[in-house]
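Here's a quick look at a pocket, a buried residue and some strand pairing. Pull up the structure and follow along.

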Amino acid sequence: MTDDSQPPQYGPPPGQGPYYGQQPPPPPPPQYGGQPYQMPPPYGYQQFARPVDPKQVRPRLWWIAVGWLVAVVCVAVGIGVFASGIVSTVANAAPTKVFAADEQATVTVDPADSPALYVTRGELVHYQCQISDGARLANTPINQTVGLNGRSWEMILVINAPRKGQYQITCTTQEKNPDTRFGVGRELTGSARGLVGSAVAFVAIPLIGILAAIAVTIVVLMRRGSHRKRLAAGG
């Protein structure tokens, strides 16, 4: 009796190869010149940049130092201009025409200058003053004292003149102190016009210097960063 049964078979069916039920692996990439093929880097991949010598980066950092040095100079100039304005204002207010008691003095008075009458400060004086040609002497509630050339002056009266011109002023005292002196100067409010310009310069000059220093700092840092990237890329 013949046995037609076939012996059991093991492994994949004929013709299917060893990857039955699976996709075969892709073929290896081609090689040229004996060198293995390398896949290009994916999008967004960055290789490590080569080190950059800080001495090669431009512009130099000393530009920032120069900018802030200029800012410091501007601040100093602003303070100096303001201090000079204060000194000039006080000097303009101090009496320019000085005379003794019982002496008639001829002075030039301009109403636009806010003229005022002063007496030397430091002693009690009972005084009486007169002015000619329709001008008037009026009391003032302002307590104003100025110093110039080692002498302190106290404002006692304001001069209301109808027009610019020369006027005669005479002052007498009860104490008859030979050291008492009178003088014609200006109110601080009248001589402070120049101080306004000094105050503006005190704010504007340092501000310009500081803003310029900030701008230089930003520009230098941005340009250094851009130059550093170019050097790192080999440019």
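The notes below cover strand pairing, then one threonine, then the largest pocket.

This is a predicted model, with local features needing pLDDT of at least 70 and side-chain atom pairs pLDDT 80 or more, while totals for chains, interfaces and linings use all residues. Numbering starts from 1 along each chain as its sequence is written, and side-chain values use heavy atoms, with hydrogens and water left out.

Strands here are DSSP runs of E, at least two residues, numbered from the N terminus; two of them pair if DSSP finds at least two bridges between them. Strand β8 (residues 165-173) turns up in both rows:

| Antiparallel pair | Bridges | One facing pair |
|---|---|---|
| β2 and β8 | 6 bridges | Thr-106 and Gln-168 |
| β4 (residues 127-131) and β8 | 5 bridges | Gln-130 and Thr-170 |

Now for Thr-120, which sits in strand β3 (residues 115-120). Thr-120 counts as buried because its relative accessibility is 9%, the cut-off being under 20% relative accessible area with a 1.4 Å probe and protein chains only. Beyond neighbours within four places in sequence, Thr-120 has contacts (heavy atoms within 4.5 Å) with Arg-151, Ser-152, Trp-153, Asp-179, Thr-180 and Arg-181.

On to the largest pocket, which holds about 160 Å³ of space. A pocket is an open set of points on a 1 Å grid where a 1.4 Å probe fits, with protein on both sides within 12 Å along at least five of seven lines; lining residues have an atom within 4 Å of a point. β2 (104-109) and β9 (181-186) each supply at least two lining residues. The lining splits into 4 nonpolar, 4 polar and 4 charged residues, including Asp-110, Asp-113 and Arg-186.

Technical notes:
Grid points are joined across faces, edges and corners, and a volume is the space filled by probe spheres set on the points. Helices (H or I, at least four residues) and strands (E, at least two) are DSSP runs, numbered from the N terminus. Ala, Val, Leu, Ile, Met, Phe, Trp, Tyr, Cys and Pro count as nonpolar, Asp, Glu, Lys and Arg as charged, and the others, Gly among them, as polar. Buried means under 20% relative accessible area, exposed over 50%, partly exposed in between (1.4 Å probe, protein chains only).
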